[in-house]
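I set out to record two matters in this notebook: the internal cavities and the setting of one strand. The entries follow in the order in which I looked them up.

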Amino acid sequence: MSRTLLRGARVITMVPHRPDAEHADILIDGDSIAGIGEGLDATGAEIVDVTGRVIMPGLVNAHLHTWQTALRGVGTDWTLADYLGRMHGAVARHYRPEDMRVGTLAGALSQLDRGTTTVGDWCHNTPTPDHTDAAIDGLAASGIRGVFLHGTPYSAADAGHPVDEIDRLLDGPIAAHPLLTLGMAVRGPQLSTPDAAVADFRAAAERGLVVSMHQSGGEPGPGWDAVRDAGLLSTTTNVVHGAGLTDDWFKTLVDSGASFTSTPENELGQGHCFPITGHVLRLGAAPSLGTDTDAVTPADVLSAARIALAHQRGHDHDHHRRSTGSFSLTATITAKQALAWATVEGARALGLADRVGRLDAGMQADLIVIDAPAPNPVATALHATAGDIEAVMIAGRWRKRDHTLLDIDLDTVRTQLHESAGHLLPHVTG
Ligand SMILES: [Zn+2]
């Protein structure tokens, strides 16, 4: 197994008992981290000088529909109703398997370029197994670590998730790729009958899979009551958006260990309602982050972190001023917390907290190297743009180095993506 020593950087480990940032070397052995500190035994290791850089865990984009990447930006002025009508009601049904593949591949590469090492790929345009397998093939070809969240096109509220397809994926396409795991992207209690919601949650629990669902812009319905009463809320439950939940439901979900994924830019812009950041922070929990759809928002997890942070700070400052008549003297949330949402919390939401999200001995070697001035490394990390992400490593293997993606023929991907967009764009109607 190859060994690599990253020497000279300032390291943000995201490990609770360690400093926010520290001068430390990182020893990588094969696909995992062997140690972080000074004076490590680097016998036989390749020494990589990263003096002047900041290294942090790879970002986790916990909610993204990569299959929509060929339509990047077409819906920048869409409301949620526009999105549902034009994307799911119109163009989605015109996707061919090759559109699923190249959209997923390009979306995952875009994430890699921006420092994302793990993506929760919420794939709900799977009318045939060929579409599903093509999407998985694209995800695997990118080299990213992914949780393929298998969803379905929108259908009747009493239609249960096709569990035979879940089992097929577990046995075949997913098992073939060591960086991919499977989850279930279900319609969820808001949009399902109680019986269907319970059946879907139970199927995920029986297989030990994350079960993820949208919940947005409406009151929790009887499906939520049924899932709770069946004892099926747990740490593998992932609620996307969460807008419209009551305070009691936030408490019930947080107490169960469920995770929340906020996608703040399109939640604010499209009419989902406000990000739920403050709701979960008040209960001692924290959100994970996603970017949802390239068709509407730029797929940048650090932008999501900055927007969620600024939005909630704004609420908190406003509340303080209204209640006391004066400006706040302290920040209610730190930049480091926002980095946690983009790393450890994303890993937890996707069921990977024991593998990624922190830099520590025994964890997978998923990390990013940021090349930007660093008087405050936490700020350097949170404010980084794609151009600042010098290098990306996943499972001990460089996927981006010297600001260039590796092991991928980008010209071919661009050509295929362009062809796919040409096929799909005429169908973006509604
Ligand atoms: Zn979504």
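Entry 1, cavity lining. I listed the residues that line the largest cavity of this predicted model. They are W122, H124, G151, T152, P153, Y154, A185, V186, R187, L191 and H214. I sorted this lining by character and obtained six nonpolar residues, four polar and one charged.

Entry 2, cavity volume. I found about 70 Å³ of space in the largest cavity. I also noted that the structure holds one cavity of 30 Å³ or more.

Entry 3, burial of β10. Is strand β10, residues 145–150, mostly covered or mostly open? I found it mostly covered, with six of its six residues buried. I then separated the two faces: R145, V147 and L149 lie on one side, G146, F148 and H150 on the other, and all are buried. In general, side chains in a regular strand alternate between the two faces of the sheet.

Entry 4, from β9 to β10. I looked up the pairing of β10 with strand β9, residues 116–123, and recorded a parallel arrangement over six bridges. Within it, H150 of β10 stands opposite C123. I followed the chain from β9 through helix α3, residues 129–142, to β10 and noted a right-handed β-α-β crossover.

Entry 5, from β10 to β11. I recorded that β10 also pairs in the parallel sense with strand β11, residues 180–185, over five bridges. Which residue of β11 is the bridge partner of F148? I identified L182. The chain passes from β10 through helix α4, residues 163–171, to β11, and I noted this β-α-β crossover as right-handed.

Methods
Residues are numbered from 1 along each chain as its sequence is written. This is a predicted model: local features need pLDDT of at least 70, side-chain atom pairs count only at pLDDT 80 or more; totals for chains, interfaces and linings use all residues. Side-chain values use heavy atoms; hydrogens and water are left out. Buried means under 20% relative accessible area, exposed over 50%, partly exposed in between (1.4 Å probe, protein chains only). Two strands pair if DSSP finds at least two bridges between them. A crossover is right-handed if, with the strands pointing away from the viewer, the path from the first strand over the helix to the second runs clockwise. On a 1 Å grid over the protein atoms alone, a cavity is a set of points where a 1.4 Å probe fits but cannot get out, and a pocket is an open set with protein on both sides within 12 Å along at least five of seven lines; lining residues have an atom within 4 Å of a point. Grid points are joined across faces, edges and corners, and a volume is the space filled by probe spheres set on the points. Ala, Val, Leu, Ile, Met, Phe, Trp, Tyr, Cys and Pro count as nonpolar, Asp, Glu, Lys and Arg as charged, and the others, Gly among them, as polar.
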